[in-house]
Amino acid sequence: MKKIKTKIVISIAFSCAILALLVGGISMTQSKKIIEQEARDKLKLMAESNTNHFNEILAEVEMGVEGLATAVKATFHREEVINNPEYMSEYLTLIDPLVKEFAENTKEAVGAYVTFNPTLVRGAYESWFVDLEGKGDFHKGESLVMEDFDPDNDYMAYYYDTALAASPVWRDPELDEESGKYLLTYNIPLYENGALIAVVGIDIDFNEFYNTVLGIEVYDTGYMALMNKEFDFLLHPHFTEAAATEGEADGESSATTEARVNMTTMENGSLKFVTEIITEGEKDIISYEYLGEKKLLSFDRLDNGQILIVTVPE
């Protein structure tokens with residue numbers, strides 16, 4: 001009888017052990033799924049929240065440029081250029097305080113300007129106010145001369161690219177040699193009866209984007225990166241060297257160098273499928289492999305077409 005009882009006890013104990021293992025295994029599996037889902041949700045939230053932050057800056061710049069363009073359109077009288085030889089000089093005196101005010105009232109602004117079509121106004125005329133030191137002290141910039149208006153002049157690319165597009169243009173960040181800062185520029189071409197009157201624009205310091213994208217920690221080994229709409233990396237912790245000091249321009253930044261890394265073509269095109277998913281626009285978590293490591297990626301698109309990604313090991 002004792003043997004039977006012993007067998008029953010052992011059988012029950014064994015069953016309980018098996019059941020405990022099964023329950024434990026299920027609990028571990030469920031816990032792992034919960035942790036993975038939390039990680040995915042956090043990636044999405046990071047991409048969305050930082051994109052919203054950047055979009056607030058972009059919206060303020062767009063509003064400033066649109067307001068300045070509206071003011072020029074309301075006050076500029078094209079026929080006066082023909083009738084009054086002094087009109088443009090007088091008009092710049094009128095418009096200068098307004099350009100300066102828009103520069104002062106736009107967050108992160110480094111400069112604001114209205115560059116007039118030299119053919120239309122019969123000369124080189126521009127209202128430009130700039131704050132090179134970032135102290136909020138805007139002063140009138142150096143005047144353009146007719147020789148500056150050349151499509152092959154890189155300095156005037158903002159003018160000719162915007163005129164050619166005939167629509168508002170967000171430019172990729174560019175290094176301004178005079179200020180030593182990366183500038184993000186928004187331009188609007190101002191037309192009247194099919195004729196280009198001027199190109200209006202505001203430049204902002206790219207430093208806020210730089211510090212946010214490269215300064216936020218994503219778990220232990222994850223990171224954020226910023227691409228343009230062609231999938232060139234503008235900011236990336238592995239492709240963009242950190243600035244030597246706070247506020248100093250990074251001369252090796254992939255934001256401005258010609259040898260940019262492109263997600264579509266890197267690693268022999270192995271990540272092209274990721275860019276295709278991003279192009280389709282579905283804001284889902286993307287699983288991919290890079291240099292033999294499995295990763296998860298979340299993304300969101302800024303209002304200027306740039307793409308913010310957040311990625312971590314899977």
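**Group meeting talk: sheets, cores and one enclosed strand**

Good morning. I begin with helix H8 (residues 272–280), which lies across strands E8, E10, E11 and E12 and runs at about 155° to E10. Helices (H or I, at least four residues) and strands (E, at least two) are DSSP runs, numbered from the N terminus. Angles run from 0 to 180 degrees between N-to-C directions, along lines fitted to C-alpha atoms, for helices over the stretch in contact.

The model is predicted: local features need pLDDT of at least 70 and side-chain atom pairs pLDDT 80 or more, while totals for chains, interfaces and linings use all residues. Residues are numbered from 1 along each chain as its sequence is written, and side-chain values use heavy atoms, without hydrogens or water.

Let us take the whole protein next. There are 8 helices and 12 strands. Of the 314 residues, 43% are buried (under 20% relative accessible area; exposed is over 50%, partly exposed in between; 1.4 Å probe, protein chains only). Among contacts (heavy atoms within 4.5 Å) with a separation of 6 or more, 55% join residues 24 or more positions apart.

How confident is the predictor? The mean pLDDT (confidence in each residue, from 0 to 100) is 86, and 82% of the residues reach 70 or more. Among the elements, helix H1 (residues 2–75) has the lowest mean, 76, and E4 has the highest, 98. Over residues 242–254 the pLDDT falls below 50, although this stretch has 27 contacts in the model beyond near neighbours in sequence. Where pLDDT is low, the predicted coordinates should not be read in detail.

I return to the sheet beneath H8. This open sheet has 5 strands in the order E9-E8-E12-E11-E10, with antiparallel pairing (two strands pair if DSSP finds at least two bridges between them). Strands E9 (233–235) and E10 (286–290) stand at the edges with a single partner each, so one side of each has no neighbour in the sheet. From one strand to the next, the twist averages 40°. E10 pairs with strand E11 (residues 293–301) over 5 bridges, in the antiparallel sense, and Tyr288 stands opposite Lys295 in E11. Helix H6 (residues 207–215) also packs on the sheet, touching E8 (223–227), E9 and E12 (307–313), and its direction makes about 140° with that of E8.

In the loop between H8 and E10 we find Glu282. Is Glu282 buried or exposed? Glu282 is exposed, with a relative accessible area of 57%. Setting aside residues up to four places away in sequence, Glu282 touches Ile277 and Phe299. Glu282 and Phe299 are 17 residues apart along the chain, and their C-alpha atoms are separated by 9.3 Å.

Now to the interior. In soluble globular proteins, nonpolar side chains tend to be buried together. A nonpolar core is a set of buried Ala, Val, Leu, Ile, Met, Phe, Trp, Tyr and Cys residues joined through side-chain atoms within 4.5 Å. The largest core here has 54 residues, and those with the most contacts inside it are Val72, Phe76, Val114, Phe116, Phe209 and Leu226. H1 gives the most to this core, with 11 residues. A second, separate core has 17 residues, including Phe231, Ile286, Phe299 and Ile307.

My last topic is strand E2. Why is E2 described as largely enclosed by the rest of the structure? The reason is that 5 of the 5 residues of E2 are buried. Glu126, Trp128 and Val130 point one way, Ser127 and Phe129 the other. E2 runs antiparallel to E1, joined by 5 bridges, with Trp128 as the bridge partner of Tyr113. E2 also runs antiparallel to strand E3 (residues 139–140), through 2 bridges; there, Val130 stands opposite His139.

Thr115 lies in E1 and is buried, with a relative accessible area of 0%. Beyond residues up to four places away in sequence, Thr115 touches nine others: among them are Glu126, Phe149, Tyr158 and Tyr159.

Tyr158 and Tyr159 bring us to helix H5 (residues 157–165), where Ala157, Thr162 and Ala163 are buried as well. The buried residues of H5 pack against elements including E1, helix H4 (118–121) and E2. Just after H5, Ala166 takes a positive phi of about 55°. Thank you.

Conventions: pLDDT = per-residue confidence, 0-100.
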